[in-house]
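Please open the model in your viewer and set it to a cartoon display, with side chains ready to be switched on as each stop is reached. The tour goes from one selection to the next.

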Amino acid sequence: MRVRKLGKWWQICPPWQRPKGQLENLPPWELLLAREEARALAGDADEETHALWDNACLTARALRRRGKRVYPSGEAALKQLSGPKVEQMARQWTAKYRQERQPVQISQLKERLKKLPWQRLRWRVLREFGALPTEKRARNMTEEDYLWCAVNLLLDEEEELDRLCPVCRAEAEKERCPVCGQETGTITQEENPAFDWSRFERMKKGEKP
């Protein structure tokens, strides 16, 4: 996780009390979860606030005592520590562990991502438009932007299916092997578990989400 320097505004945070514990290394999937936790807490705030939550969530996951987390969340850590101190601890973690190249457990990371359906939806939108999450245009997108794109992609698919006759539509909706074209299952329609269908129906009717 990238650690950003905080501005002077956060210097007014309450004094720091040294926590009992030590900073431990984190696997890639823990870093991913820390980043998503920070993103949820920061919302649409400015970059400085995002930096604060990045540092707090990283510190909350890395600071442990007897193998257990000292703070259950980034929010809990920030209530006990000042902004400059969580930044300091995040920098200490980065200096100590970022140079250690540990093999990434792909299978473990895949299982964690399966439990983050919203990330899968974001990935589908980014893939459709040939964008990387590190690009400025992607970082500037809000959750509403991703949902808006996903809704329109679904509408595009529906419009294509609506142009087909009933026989051809039934054929198009069958699950088929992408290599040989043989059927692989019953007639199904793709459904993303992260998709908010009630919200989709409201937006489809022109109503506010």
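Is the crossing of H2 and H4 left-handed or right-handed? Before turning to that, please keep in mind that what is on the screen is a predicted model, whose protein chain contains 10 helices and 5 strands. Of the 209 residues in the protein chain, 32% are buried, and among the contacts with a separation of 6 or more, 68% join residues that lie 24 or more positions apart.

**First stop: H2 and H4**

Select residues 47-62 for helix H2 and residues 83-97 for helix H4. The two pack at an angle of about 60 degrees, with their axes 8 Å apart, and at that angle H2 counts as oblique to H4. The crossing of H2 and H4 is left-handed, which answers the opening question. Now show the side chains where the helices meet: on H2 these are Leu52, Asn55, Ala56, Leu58, Thr59 and Ala62, and on H4 they are Gly83, Val86, Glu87, Met89, Ala90 and Trp93. Sorted by class, this contact of H2 with H4 comprises 8 nonpolar, 3 polar and 1 charged residues.

**Second stop: H1 against H2**

Keep H2 on display and add helix H1, residues 28-42, whose axis comes within 8 Å of that of H2 and crosses it at roughly 140 degrees. At that angle H1 is oblique to H2, and H1 passes H2 in a right-handed crossing. From H1 the contact draws on Glu30, Leu31, Leu33, Ala34, Glu37, Ala38, Leu41 and Ala42, while H2 supplies His50, Trp53, Asp54, Cys57, Leu58 and Arg61. If you colour these residues by class, you will find 9 nonpolar, 1 polar and 4 charged residues in the contact of H1 with H2.

Stay with H1 for a moment and look along its length: its 15 residues reach 21 Å from the first C-alpha to the last, close to the 21 Å expected at 1.5 Å a residue. The buried residues of H1 are Trp29, Glu30, Leu31, Leu33, Ala34, Glu36, Glu37, Ala38 and Ala42. When reading such a list, it helps to recall that an α-helix has 3.6 residues a turn, so residues three or four places apart point the same way. Just after H1, select Gly43, whose phi is positive, near 60 degrees.

**Third stop: Arg61**

Return to helix H2 and centre the view on Arg61. Is this arginine buried or exposed? Arg61 counts as buried, because its relative accessibility is 12%. Setting aside the neighbours within four places in sequence, Arg61 is in contact with Leu26, Glu30, Leu33, Ala34, Glu37 and Arg69. A distance worth drawing in the viewer is the one from Arg61 to Glu30, which are 31 residues apart in sequence but 7.6 Å apart in space, C-alpha to C-alpha.

**Fourth stop: H6 and H8**

Next select helix H6, residues 117-128, together with helix H8, residues 143-162. Their axes lie 10 Å apart and the helices pack at an angle of about 65 degrees, which makes H6 roughly perpendicular to H8. The crossing of H6 and H8 is left-handed. The residues making the contact are Trp118, Leu121, Arg122, Val125, Leu126 and Glu128 on H6, with Glu143, Tyr146, Leu147, Cys149, Ala150 and Leu153 on H8. By class, the contact of H6 with H8 holds 9 nonpolar, no polar and 3 charged residues.

Within H6, pick out Trp118, which is partly exposed, with a relative accessible area of 23%. Trp118 and Tyr146 are 28 residues apart in sequence, and their C-alpha atoms are 9.6 Å apart in space. Then move to Gln119, also found in H6, which counts as buried at 15% relative accessibility. Which residues does Gln119 contact, leaving aside its neighbours within four places in sequence? They are Glu36 and Leu113, and Glu36 is one of the buried residues of H1 listed at the second stop.

**Last stop: Glu183**

Finish on strand E5, residues 183-187, where Glu183 is located. Glu183 is partly exposed, with a relative accessible area of 42%. Not counting residues up to four places away in sequence, Glu183 touches Lys174, Glu175 and Arg176. For a closing distance, Glu183 and Glu171 are 12 residues apart in sequence and 9.7 Å apart in space, C-alpha to C-alpha.

Technical notes. Residues are numbered from 1 along each chain as its sequence is written. This is a predicted model: local features need pLDDT of at least 70, side-chain atom pairs count only at pLDDT 80 or more; totals for chains, interfaces and linings use all residues. Side-chain values use heavy atoms; hydrogens and water are left out. Axes are lines fitted to C-alpha atoms, for helices over the stretch in contact, and angles run from 0 to 180 degrees between N-to-C directions. Helices (H or I, at least four residues) and strands (E, at least two) are DSSP runs, numbered from the N terminus. Angles under 35 degrees count as roughly parallel, over 145 as roughly antiparallel, 65 to 115 as roughly perpendicular and the rest as oblique. A crossing is left-handed if the near helix is turned anticlockwise from the far one by less than a right angle, and right-handed if clockwise. Contact means heavy atoms within 4.5 Å. Ala, Val, Leu, Ile, Met, Phe, Trp, Tyr, Cys and Pro count as nonpolar, Asp, Glu, Lys and Arg as charged, and the others, Gly among them, as polar. The expected span of a helix is 1.5 Å times one less than its number of residues. Buried means under 20% relative accessible area, exposed over 50%, partly exposed in between (1.4 Å probe, protein chains only).
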